[in-house]
Amino acid sequence: MFQGASFLSLDTKGRLSMPTRHRDALNAAAANPLTFTKHPHGCLMLFPRNEWERFRERIAALPMQAQWWKRIFLGNAMEVEMDASARLLVAPELRAAAGISKDAVLLGMGAYFELWDAQQYAAQEAQAMQAQMPDVLKDFSF
């Protein structure tokens with residue numbers, strides 16, 4: 001289970017260093033290769049191998065009405081290997097799609113990660129915090 005936020009900087013080649021707290025879990029799960037793909041909210045999703053295979057099967061099984069979403073998720077998927085320094089190369093096409101140039105936020109979302117441009121994430125988080133809480137959370141106890 002991946003959780004927590006990490007604030008990262010991509011290097012000049014577009015690589016990010018996987019935070020230490022996630023490296024052991026990824027290595028133990030034999031997660032290489034990992035898979036990046038687009039998320040409908042404007043960030044990227046990063047899946048360990050076993051979770052990607054589950055997600056990919058669910059997407060592939062969608063009906064024809066969802067063909068464009070199949071293209072978005074599967075057609076933009078790119079496998080990456082974590083190098084010996086625990087870095088991942090984020091493809092230029094995916095960086096451009098998510099608006100990520102240098103500063104990024106890596107969010108653990110349970111079975112996968114989201115990778116956001118840091119400024120875009122901060123803006124969207126602030127907007128969400130100021131909006132009314134969704135009905136599904138109205139009875140949630142904190």
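Below is a chat about the predicted model shown above.

Reader: Okay, first things first: how many helices and strands does the protein have?

Author: Keep in mind that this is a predicted model. The protein has five helices and eight strands. Going along the sequence, they come in the pattern β-β-α-β-β-α-α-β-β-α-β-β-α.

Reader: And how does its radius of gyration fit with the globule rule?

Author: The radius of gyration is 16 Å, and the globule rule gives 14 Å for 142 residues. Those two values are close, so the protein is as compact as a globular protein of that length. Along its principal axes, the C-alpha trace spans about 45 × 35 × 30 Å.

Reader: What share of the residues counts as buried?

Author: That would be 37% of the 142 residues.

Reader: Cool. Switching to aromatics, how many aromatic pairs are there?

Author: The count is eight aromatic pairs. One of them is Phe2 with Phe113: the ring centres are 4.4 Å apart and the planes meet at 35°, so that pair is tilted.

Reader: Why tilted, though?

Author: Because stacked is kept for planes under 30 degrees apart and edge-to-face for those over 60, and the rest count as tilted. With Phe2 and Phe113 the angle is 35°, so "tilted" is the word for them.

Reader: Got it. Which strands do Phe2 and Phe113 lie in?

Author: Phe2 is in strand β1 (residues 2-9), while Phe113 is in strand β8 (residues 113-117), so the pair ties together parts that are 111 residues apart in sequence.

Reader: Is Phe113 buried or exposed?

Author: Phe113 counts as buried, since its relative accessibility is 0%. Phe2 is buried too, with a relative accessible area of 9%.

Reader: What about Trp69 and Phe73, how far apart are their ring centres?

Author: Their centres are 5.7 Å apart with the planes at 35°, so this pair is tilted. Both residues lie in helix α3 (residues 67-75), where they are four residues apart, or about one turn of the helix.

Reader: And is Trp69 buried or exposed?

Author: In between: Trp69 is partly exposed at 39% relative accessibility. Phe73, on the other hand, is buried, at 9% relative accessible area.

Reader: Which residues do ring pairs link into a cluster?

Author: The cluster is made of Phe47, Trp52, Phe55, Trp69, Phe73 and Tyr112.

Reader: What sits over the ring of Trp68?

Author: That's the charged end of Arg71, 4.6 Å from the centre of the Trp68 ring.

Reader: Now the outside. Which residues make the nonpolar surface patch?

Author: Met133, Val136, Leu137, Phe140 and Phe142 make it, and the patch covers about 580 Å². Phe142 is in the segment after α5 (118-130), and it is exposed, with a relative accessible area of 77%.

Reader: New topic: what's odd about the phi of Ala86?

Author: Ala86 has a positive phi of about 60°, although it is not a glycine. Most residues other than glycine have a negative phi.

Reader: Where is Ala86 found?

Author: In the loop between β5 (78-80) and β6 (87-89). Ala86 counts as buried, at 8% relative accessibility.

Reader: Last one: how far apart are Asp11 and Phe47?

Author: C-alpha to C-alpha they are 21 Å apart in space, and in sequence they are 36 residues apart. Asp11 lies in the loop between β1 and β2 (15-17), and Asp11 is partly exposed, with a relative accessible area of 26%.

Key: Residues numbered from 1 in each chain as written. Predicted model: local features only at pLDDT ≥ 70, side-chain atom pairs only at ≥ 80, totals over all residues. Heavy atoms only, no water. Phe/Tyr/Trp six-rings, centres within 6.5 Å; stacked < 30°, edge-to-face > 60°. Helix = DSSP H or I, 4+ residues; strand = E, 2+ residues; numbered from the N terminus. Buried < 20%, exposed > 50% of the residue type's maximum accessible area, 1.4 Å probe, protein only. Lys NZ or Arg CZ within 6 Å of the ring centre and 35° of its normal. Patch = residues over 30% accessible without salt bridge, like charges linked within 9 Å, V, L, I, M, F, W, Y side chains within 5 Å. Areas by Shrake-Rupley, 256 points an atom, 1.4 Å probe, with all protein chains shown as cover. Salt bridge = Lys/Arg side-chain N within 4 Å of Asp/Glu carboxyl O. Rg over C-alpha atoms; globule rule 2.2 N^0.38 Å.
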